[in-house]
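I opened my notebook to write down what I looked up, one small topic at a time. Feel free to follow along in the viewer.

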Amino acid sequence: MNPPKHAIITGGSSGIGLAIAHRLAAQGASLSLIARTPEKLEAARAQLEAKRRLPDQQVFTVAADVADRAQADQAVQRAIAHLGPPDWLVTCAGIARPGEFLEIPVEVFERTMAVNYFGTLYCIRAALPAMEQQRHGQIVCVSSGAGLIGLYGYTAYSPSKFALRGLAESLRGELKPKGIGVSIVYPPDTDTPQLAEENKTKPLVTQKITATAKTWSADGVAEVILAGVQRRAFAITPGFEMGVLNRLHSVLLPMLNQSFDKITAKVRNLQ
Ligand SMILES: NC(=O)c1ccc[n+]([C@@H]2O[C@H](COP(=O)([O-])OP(=O)(O)OC[C@H]3O[C@@H](n4cnc5c(N)ncnc54)[C@H](OP(=O)(O)O)[C@@H]3O)[C@@H](O)[C@H]2O)c1
């Protein structure tokens, strides 16, 4: 598959989305970045423009909250008006707020679903008619390892990432005859501002459960994502653990739960 001429990346101003943008800029792609904070978008644009390989490459930014349907739709339409139909739409915008179930305000559950799930859905619906018209395109949804198994402390986050899995799996077959590919990414813990934010409220049990897994760099995850899209993979799983979890999650779950329950009991005894 050729590198995209135009990629729209939600959440492209930071972390994994920005790392994808860097790699695509180096391949000659024009980029549209959608996120809320204008200053972060501007900083990303300046970095990416320095990476340009071709004279006509452009970096377009739109400040929008993808959880707001009108804003998401308008942001994608502006990107299309500016740079044409996207070859890729990468939906990376996301939030995570771990905690004990009853200690997380219900508004956080609602907001997490609004950003992670509906923010993805709105952007896909906005971009799809233009992709269908050009009869090609690639949609890349960024889920999480927490979209494969539910983990202690992730009652707000996990369901939003499971929902993306349901969306991507059901959309895949519908869009394939139209020449549009769908991929879903299950990143492990990745060193980004989101992970730093998560660590502020992560329960001790969650910290212990996730402690053994390697933390990836955003660029490492971006590299695997680009390679996955290149070979037209549906599920993209950075690292051995995510690969095994993707293939065997239902089989492994009873054993994993036993091990998680032991960790939980140990931490509870200490508290
Ligand atoms: N880091 C990890 O360990 C990890 C692991 C698995 C999956 N993921 C997933 O990977 C994706 C990227 O996460 P990251 O770790 O790279 O996070 P990050 O560095 O915090 O970046 C998140 C991006 O999303 C944007 N964003 C957040 N809320 C938004 C909203 N309502 N509307 C528009 N843009 C919004 C942010 O910009 P503004 O704040 O300016 O809007 C930023 O550009 C997320 O979907 C996350 O769930 C991350």
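**Entry 1: starting with a strand pair**

I began with strand E1, which pairs with strand E2 (residues 30–35) in the parallel sense over five bridges. Before going on, I noted that this is a predicted model. I then looked for one bridge by name and found that Ile8 has Ser32 as its partner in E2.

Next I wondered: are the residues of E1 buried or exposed? Strand E1 spans residues 6–10, and five of its five residues are buried. I checked the two faces as well. His6, Ile8 and Thr10 are buried on one side, and Ala7 and Ile9 are buried on the other.

**Entry 2: the whole sheet**

In what order do the strands of the sheet stand? I wrote down E3-E2-E1-E4-E5-E6-E9, seven strands in an open sheet with parallel pairing. A reminder to myself: strands of a sheet pair through backbone hydrogen bonds, in either a parallel or an antiparallel way.

Then I looked at the edges. Strand E3 (59–63) and E9 each have a single partner strand, so one side of each is left without a neighbour in the sheet. For E9, I looked up the pairing with strand E6 (residues 180–185), which is parallel and has two bridges. Val185 is bridged to Ile236 of E9.

**Entry 3: a record to compare**

I turned to the UniProt annotation, from an unreviewed entry, and it marks residues 5–189 as "domain: Ketoreductase". Over that stretch I noted 48% helix and 17% strand. The C-alpha atoms at its two ends are 30 Å apart.

**Entry 4: around the ligand**

Which residues come nearest to the ligand? I listed Ser14, Thr37, Tyr157, Thr190 and Thr192, out of 31 residues around the ligand. By type, the shell divides into 14 nonpolar, 11 polar and six charged residues.

I then followed a few polar atoms. A polar side-chain atom of Thr37 is 2.5 Å from an oxygen atom of the ligand. In the side chain of Lys161, an N or O atom lies 2.8 Å from a ligand oxygen atom. With Val66 the backbone takes part: one of its N or O atoms lies 3.0 Å from a nitrogen atom of the ligand.

How much of the ligand does the protein cover? I wrote 96% of the 880 Å² of accessible area that the ligand has on its own. Helix H1 (15–26), helix H4 (106–134), helix H5 (157–175) and helix H6 (193–201) are the elements that give two or more residues to the shell. H6 gives the most, with three residues.

**Entry 5: three loop residues**

I stayed with H6 for a moment, since Lys202 sits in the loop between H6 and helix H7 (204–211). Why does Lys202 count as buried? Its relative accessibility is 7%, and the cut-off for buried is under 20%. Tyr154 is 48 residues away along the chain, yet the C-alpha atoms of Lys202 and Tyr154 are separated by 8.8 Å.

Then came two arginines. Arg135, in the loop between H4 and strand E5 (137–142), has a positive phi of about 60° although it is not a glycine. Arg135 counts as exposed because its relative accessibility is 53%.

Arg232 is in the loop between helix H8 (218–230) and strand E9 (235–236). Its phi is also positive, near 55°. With a relative accessible area of 59%, Arg232 is exposed.

Methods
Residues numbered from 1 in each chain as written. Predicted model: local features only at pLDDT ≥ 70, side-chain atom pairs only at ≥ 80, totals over all residues. Heavy atoms only, no water. UniProt positions renumbered as here; feature names shortened; annotations may be inferred. Helix = DSSP H or I, 4+ residues; strand = E, 2+ residues; numbered from the N terminus. Near = heavy atom within 4 Å. Polar contact = N/O pair within 3.5 Å; in protein donor to acceptor, adjacent residues only side chain to side chain. Areas by Shrake-Rupley, 256 points an atom, 1.4 Å probe, with all protein chains shown as cover. Nonpolar A, V, L, I, M, F, W, Y, C, P; charged D, E, K, R; others polar. Buried < 20%, exposed > 50% of the residue type's maximum accessible area, 1.4 Å probe, protein only. Pairing = 2+ DSSP bridges.
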